[in-house]
There are 2 protein chains.
Amino acid sequence: MNINTNYQNISDSYLFSTIAKKVNEFAAANPDKKIIRLGIGDVTLPLCKVVVNALKSASDEMGVQETFRGYGPEQGYDFLKTKIQSYYKNNGVQLDLDEIFISDGAKSDLGNILDLFAQDNTVLVPDPVYPVYVDTNTMAGRKIIYIDANAENDFLPLPDKSVKADIIYLCSPNNPTGAVYNKEQLKAWVDYANENNAVILFDSAYECFITDENLPRSIYEIEGAKTCAIEFCSLSKMAGFTGTRCGYTVVPKSITSGDVVLNKMWLRRQTTKFNGVPYIIQRGAEAVFTEEGQKEIQENLNYYKENAKIISDTLKKHNIWHIGGKHSPYIWLKCPNNMTSWEFFDYLLNNVQIVGTPGSGFGKNGEGYFRLTSFGSRENTLEAVKRLDEFLG
Amino acid sequence: MNINTNYQNISDSYLFSTIAKKVNEFAAANPDKKIIRLGIGDVTLPLCKVVVNALKSASDEMGVQETFRGYGPEQGYDFLKTKIQSYYKNNGVQLDLDEIFISDGAKSDLGNILDLFAQDNTVLVPDPVYPVYVDTNTMAGRKIIYIDANAENDFLPLPDKSVKADIIYLCSPNNPTGAVYNKEQLKAWVDYANENNAVILFDSAYECFITDENLPRSIYEIEGAKTCAIEFCSLSKMAGFTGTRCGYTVVPKSITSGDVVLNKMWLRRQTTKFNGVPYIIQRGAEAVFTEEGQKEIQENLNYYKENAKIISDTLKKHNIWHIGGKHSPYIWLKCPNNMTSWEFFDYLLNNVQIVGTPGSGFGKNGEGYFRLTSFGSRENTLEAVKRLDEFLG
């Protein structure tokens, strides 16, 4: 057989393995020092009670002849899709049920959606970036061009009309920077996409962290988005589903290429190459969107947001430039004293035993920056800022 | 953007929608007649108690801080992989843990594995066939050639050395025919693949129905398979997981192309485009492989096997040629009186109100054949053969 040689062009990321190696070495040499990890992008609070109850109740259903469920619809059960439809409606977005596809997570669908597109497309990716956008396109042999996200544009690049792109990745609130597009900025991207017959792959996995009502939580709040944008969202950060696996992808029926409707293509892709999310998990996800579920997850989100504020306040006090942390679990800071990302990593690890993520791991524009996350425990977050405060003060 | 125009070459299957339409029309015209559905390929017995308990216990764990799990390994937890490793060992097959990848089902991975191969490969598919093999390759623009499975070769075609294929699909016990390759026959395929630098994608989703110890339940029981075969299996039929979603894919480390190791490519694919099966579901799957779980699922499998025997015995009594049903949930019969598949469908529906699947829906060699399944209830299966017996007798 002939293998897909594009795999040889994927650059192996040693980011997290290098972090692990450095941390392990430090821990071995300093067994008495407590290391606080604020580098991870994973949640730490448990699932809400209402979700656990729904999971258990659905498990019971599966053990009884009368309520047992076999194959379900590949695109998800209506009981969950109607809940998501209502969730969008609360943000002023009207979706048809068959525009919503239940997924096992945003990461899977962000990769799988590429099945719908020819190899011959130019992919536009902001730098710094979530590495999956780049790797999945490299695997498929597509040409990737980058747009600079940097301090000059507040890490929110706008379209360059002289550049022709076909597939555009946007993530807002952004991973890794935490920057959030406002409506005018997103409108510029939507207009660019519609003018260029391009498609926007909009990663809204962190929309639940937005508190400012004027900031868009969905790209469909922007006029014209339904003819150019596919939106990917996830319960991972919203409801602590990183190990429970459920998300959703919205493919509006009005995105077309000639007489081909992308919604129909995606339905065909999913019915052929996917068998749906487990019934039990879909019942757990449904519970997230109940009144009680929304109340419980809001408490968890507030916990993470308060952590972010605690970190942000300490950085402010010491005049360390940073963005994010307000509508995002991520704090993106400029390494003080012109340290490189890795220098600052070593500096924090050696002096205050705080582990973060070097910005250079997310692309060239990340050099000199550093990502901290608010997903740690309150206790650890407070201890971390106390150490920082004492050390920097 | 440029769309993947290969999607326009996928033939829309109207098989199941046509069946539904005919059944609905008959039911509307004959409201007093009870229709028995023996066409479905979906299980009907509920999950085992030990599985339900494991699902509930894992759900509880996810609701408690100390035992909560976030992102897991994309390739699956070791607690489940070690169980599958032991399951293989019982069939005399030794696998390394990192050759086993937990999946959300055989269908997903049978499609996704194609990411590893270039477009320029010739795909060999038996006819009749599970349509997903054809559709996923058509979507990727690959050349497909067919090999005839028919009554002359007992629906177990062997390699034609004059034909050069790169990617070969085998399914044993077969869907739709229920035919099972013996070791000598599989050896011929393994030798062919190794000689031609081809890869065999071996779908063993129905291995759990095999009772004859001399028949291979895994292709790795065949010498040489570890350098050419990738095996896909599923808990769907084994443990009633069609709506619970868990399977596993084995990619031996000894399959290479030049210096590229396919196991490493698949790991890269999965870590980039997949986030693993839900922790809760993996705990449910683990329970399947416990002593108690194996006992419970065996009872369910015996129930389906007895249904198959009941159907097969009636067909034998009336001298209707058929295969399968012995090591498979499927019975593949020759339509009597030279009826076409659809003529026999109408004949059964109109006269005895039994719904099966026309063989022609699985390929040209399926014309004149018909598939019945043993996944119905005992009561319905007995009622169906009673009607058949009276009508044919």
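In this predicted model, Ile331(A) sits opposite Leu372(A), a residue of strand 15 of chain A. Strand 15 (residues 369-373) runs antiparallel to strand 12 of chain A, and five bridges hook the two together. Both belong to an open, antiparallel sheet of four strands in chain A, ordered 11-12-15-14. Strand 11 and strand 14 (357-358) of chain A take the edges; each has a single partner strand, so one side of each goes without a neighbour in the sheet. Helix 10 of chain A is laid across strand 11, strand 12 and strand 15 of chain A, at about 15° to strand 12.

Zooming out, chain A splits into domain 1 (13-42 + 298-392) and domain 2 (49-289). Their C-alpha centres are 28 Å apart, and the contact between them draws on 21 residues from domain 1 and 26 residues from domain 2 of chain A. On the domain 1 side, the elements giving two or more residues are helix 10 (291-317), strand 11 (322-324) and strand 12 (330-334) of chain A. That side comes out as seven nonpolar, 10 polar and four charged residues.

Then there is the contact between the chains, with 63 residues from chain A and 63 residues from chain B. On the chain A side, two or more residues each come from helix 2 (49-62), helix 4 (106-112), helix 5 (131-139), helix 8 (262-273) and helix 9 (279-288) of chain A. Helix 2 of chain A gives the most, with seven residues. Sorted by class, the side of chain A that touches chain B holds 28 nonpolar, 21 polar and 14 charged residues.

How values were computed:
Residues are numbered from 1 along each chain as its sequence is written. Chains are lettered from A and ligands numbered from 1 in the order in which they are written. This is a predicted model: local features need pLDDT of at least 70, side-chain atom pairs count only at pLDDT 80 or more; totals for chains, interfaces and linings use all residues. Two residues are in contact if their C-beta atoms, placed from the backbone, lie within 7 Å. Ala, Val, Leu, Ile, Met, Phe, Trp, Tyr, Cys and Pro count as nonpolar, Asp, Glu, Lys and Arg as charged, and the others, Gly among them, as polar. Domain bounds come from an automatic or database domain assignment. Two strands pair if DSSP finds at least two bridges between them. Axes are lines fitted to C-alpha atoms, for helices over the stretch in contact, and angles run from 0 to 180 degrees between N-to-C directions.
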